[in-house]
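These are my notebook entries from an inspection of one structure. I record what I looked up and what I found.

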Amino acid sequence: MSGIPRSAEIEKAMRDLAQKTRQSQSALNRQAGMLVAKGRYEKADGLVAKAKALDDFQEKIKALRDELRQLKRAGRSSGK
């Protein structure tokens, strides 16, 4: 068998995860903005820190997607 079974489904799940993560990050930034407008800076800082942590998470998702693509290419080139 060539390729990786169900790899298209795995890729879609990772794309969906990346999209939902971006949406969560946007929501956190909006909430932080509202807190800043109310002068609640400490709480806003906490939300900004979470949003920044999601940047790292996004990088991990990207790395996994890249790794999956490499595995798919390796499977094609080795004739497996």
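**Entry 1: the first helix**

I began with helix α1, which covers residues 7-37 and so holds 31 residues. From its first C-alpha to its last, α1 reaches 45 Å, close to the 45 Å expected at 1.5 Å a residue. I note here that the model is a predicted one.

I then asked which residues of α1 are buried. They are Ser7, Glu11, Met14, Ala18, Thr21, Gln25, Leu28, Ala32 and Leu35. For reading such a list, I keep in mind that an α-helix has 3.6 residues a turn, so residues three or four places apart point the same way.

**Entry 2: the ends of α1**

Just after α1, I found Gly39 with a positive phi of about 80°. On the other side, Arg6 lies in the segment before α1. Arg6 is not a glycine, yet I read a positive phi of about 65° for it. Its relative accessible area is 58%, so I entered Arg6 as exposed.

**Entry 3: salt bridges**

How many salt bridges does a search of the whole structure find? The search returned five. As background, side chains of opposite charge can pair when their charged atoms come close.

I looked up Arg6 again: its side chain meets that of Glu9 in a salt bridge, at 2.8 Å from N to O. Glu9 has 47% relative accessibility and is therefore partly exposed, whereas Arg6 is exposed at 58%.

Next I examined Lys72 and Glu11, whose side chains form a salt bridge at 2.5 Å, N to O. Lys72 belongs to helix α2 (residues 41-77) and Glu11 to helix α1, so this pair ties together parts that are 61 residues apart in sequence. I checked the burial of the two partners, and both Lys72 and Glu11 are buried.

Within helix α1, I recorded a salt bridge between Asp16 and Lys12, with the closest N and O atoms 2.8 Å apart. Asp16 and Lys12 are four residues apart in α1, which means that about one helical turn separates them. Asp16 is partly exposed, with a relative accessible area of 32%. Lys12 also counts as partly exposed, at 44% relative accessibility. I further noted that Lys62, Asp66 and Arg69 are joined into one network by salt bridges that share partners.

**Entry 4: Gln58**

Is Gln58 buried or exposed? Its relative accessibility is 14%, and because buried means under 20%, Gln58 counts as buried. Gln58 is found in helix α2. I listed its contacts, not counting residues up to four places away in sequence: Gln58 touches Ala18, Thr21 and Arg22. Of the α1 residues that I entered above as buried, Ala18 and Thr21 are among them.

**Entry 5: the nonpolar core**

Which residues make up the largest nonpolar core? I found seven: Leu28, Ala32, Leu35, Ala44, Leu47, Ala51 and Leu54. Both α1 and α2 supply at least two residues of this core. The largest share, four residues, comes from α2. In general, nonpolar side chains tend to be buried together in soluble globular proteins.

I took Leu28 as one member of this core to follow further. Leaving aside neighbours within four places in sequence, Leu28 is in contact with Leu47, Lys50, Ala51 and Leu54. Leu47, Ala51 and Leu54 are also listed in the core.

Definitions and conventions
Residues are numbered from 1 along each chain as its sequence is written. This is a predicted model: local features need pLDDT of at least 70, side-chain atom pairs count only at pLDDT 80 or more; totals for chains, interfaces and linings use all residues. Side-chain values use heavy atoms; hydrogens and water are left out. The expected span of a helix is 1.5 Å times one less than its number of residues. Buried means under 20% relative accessible area, exposed over 50%, partly exposed in between (1.4 Å probe, protein chains only). A salt bridge is a side-chain nitrogen of Lys or Arg within 4 Å of a carboxyl oxygen of Asp or Glu. Contact means heavy atoms within 4.5 Å. A nonpolar core is a set of buried Ala, Val, Leu, Ile, Met, Phe, Trp, Tyr and Cys residues joined through side-chain atoms within 4.5 Å.
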